[in-house]
Amino acid sequence: MSIPVQTNEHADVRDPRVRRIPVPRWLRKPPLADAITLGVIVLLLAAGLLAPLIAPYDPNRVSLSEALLPASLDHPLGTDANGRDLLSRLLWGARTALLGPLLVVAVSTVVGTALAVFAAWRGGFVDALISRALDMVFAFPALLLALISTVLLGPGLFSVALALSISYVPYIARVVRSAAIKQRQMPFVQASVIQGFSGYFITMRNILPNVLPLVFAQAAIVFGWAVVDLAAISYLGLGVQPPTADWGQMIANGQASILRGYPEESVYAGALIVILVVCVTLLSDRLSERWEASHVAGD
């Protein structure tokens, strides 16, 4: 007579993912890693919000006599080719670098989540129709749609953010839809259906709260993508228009100075983009892990 052996069906799924990237031991403690990640994000947000108060100079003040100055007490990070203070432009550039992605995330998350939950609840023809529409949008590269939008609506932050919001809806909707379908089949949802509660009540009371952690995780991922895409569009000159400070635009403006031995403008702006995207990605991974862990425990 064979004795059944209990196995953990989730162990083989989680272990390779945990060992995928070697992490220093001091960063393996979740509270410390989370504190560092959130601290950097909050610091960048505060820098953007408080830029009018803490920036030492007007970011658009041109002084050719002070062009390409090295770091000093007057200009802690030096100046660009037009004599504009780099620290001030970086602080003000944080406003556009964060405002655009926040707008993209807000629109794409609300629309994508609403479509996903509605499709999961209705099922059948409605689910198939919404899924096919999302597949059509998913087939368009985000940057291509953003470039088309700038041609139709003109260059600027709004037109690019609108196009990226539409492009990112499927990324939110497809993941949330799968989770919502699973929630719809749970016994407590079926019990609510038997009791005669409306679909709207069941969705808002039982399904949506259980998928919200996954929604936040996907929103964080989309935020990181939006930061990179908006910076790329600004780098091409189709996003935020000069003289407004923007990190992507600063990378483009600093290219000519690199050949003259002054890479600071491009390096500083590029480093801030990388730091922001890495921190947001780590945050999204942490949210995804917690959501998976809670549902593994629930199963």
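**A helical chain, its cores and its spaces**

The protein chain contains 12 helices and zero strands. Read from the N terminus on, its elements therefore run as an unbroken series of α entries, since only helices and strands are counted as elements. The model is a predicted one. Of the 299 residues in the chain, 39% count as buried. Among contacts between residues at least 6 apart in sequence, 68% join residues at least 24 apart. The accessible surface amounts to about 16700 Å², and carbon and sulfur atoms account for 69% of that area.

The interior may be considered next. In soluble globular proteins, nonpolar side chains tend to be buried together. In this model, the largest nonpolar core has 49 residues, and those touching the most other members are V104, L164, Y168, V176, F223, W247 and L276. Two or more residues of this core come from each of α2, α4, α5 (124–138), α6 (142–153), α7 (157–184), α9 (199–235), α10 (247–253) and α12. The element that gives the most is α9, with 13 residues. F223 illustrates the packing: leaving aside residues up to four places away in sequence, F223 touches L98, P101, L102, V105, L276 and V280. Apart from this core there is a second, separate one of six residues, among them A120, A180, I202 and I207.

Attention now turns to the spaces left between the atoms. Rolling a probe the size of a water molecule over the atoms shows where empty space is left. Across the whole structure, a search finds three cavities of 30 Å³ or more. The largest cavity has a volume of about 70 Å³. Its lining includes T96, A97, P101, L157, W247 and I273. At least two lining residues are supplied by each of α4, α9 and α10, and the largest share, four residues, comes from α9. By character, the lining of this cavity divides into eight nonpolar, three polar and one charged. W247 thus appears in two settings, as a member of the largest nonpolar core and as part of the lining of the largest cavity.

A pocket completes the description. The second largest pocket holds about 250 Å³ of space. It is lined by 13 residues, of which L44, L87, L90, L91 and L272 are the closest to its centre. The helices α2 (30–49), α4 (86–122) and α12 (264–298) each supply at least two residues of this lining. In contrast to the mixed lining of the largest cavity, the lining of the second largest pocket consists of 13 nonpolar residues, with no polar and no charged ones.

Technical notes. Residues are numbered from 1 along each chain as its sequence is written. This is a predicted model: local features need pLDDT of at least 70, side-chain atom pairs count only at pLDDT 80 or more; totals for chains, interfaces and linings use all residues. Side-chain values use heavy atoms; hydrogens and water are left out. On a 1 Å grid over the protein atoms alone, a cavity is a set of points where a 1.4 Å probe fits but cannot get out, and a pocket is an open set with protein on both sides within 12 Å along at least five of seven lines; lining residues have an atom within 4 Å of a point. Grid points are joined across faces, edges and corners, and a volume is the space filled by probe spheres set on the points. Ala, Val, Leu, Ile, Met, Phe, Trp, Tyr, Cys and Pro count as nonpolar, Asp, Glu, Lys and Arg as charged, and the others, Gly among them, as polar. A nonpolar core is a set of buried Ala, Val, Leu, Ile, Met, Phe, Trp, Tyr and Cys residues joined through side-chain atoms within 4.5 Å. Buried means under 20% relative accessible area, exposed over 50%, partly exposed in between (1.4 Å probe, protein chains only). Contact means heavy atoms within 4.5 Å. Accessible areas come from the Shrake-Rupley method with a 1.4 Å probe; for residues, only the protein chains shown count as cover.
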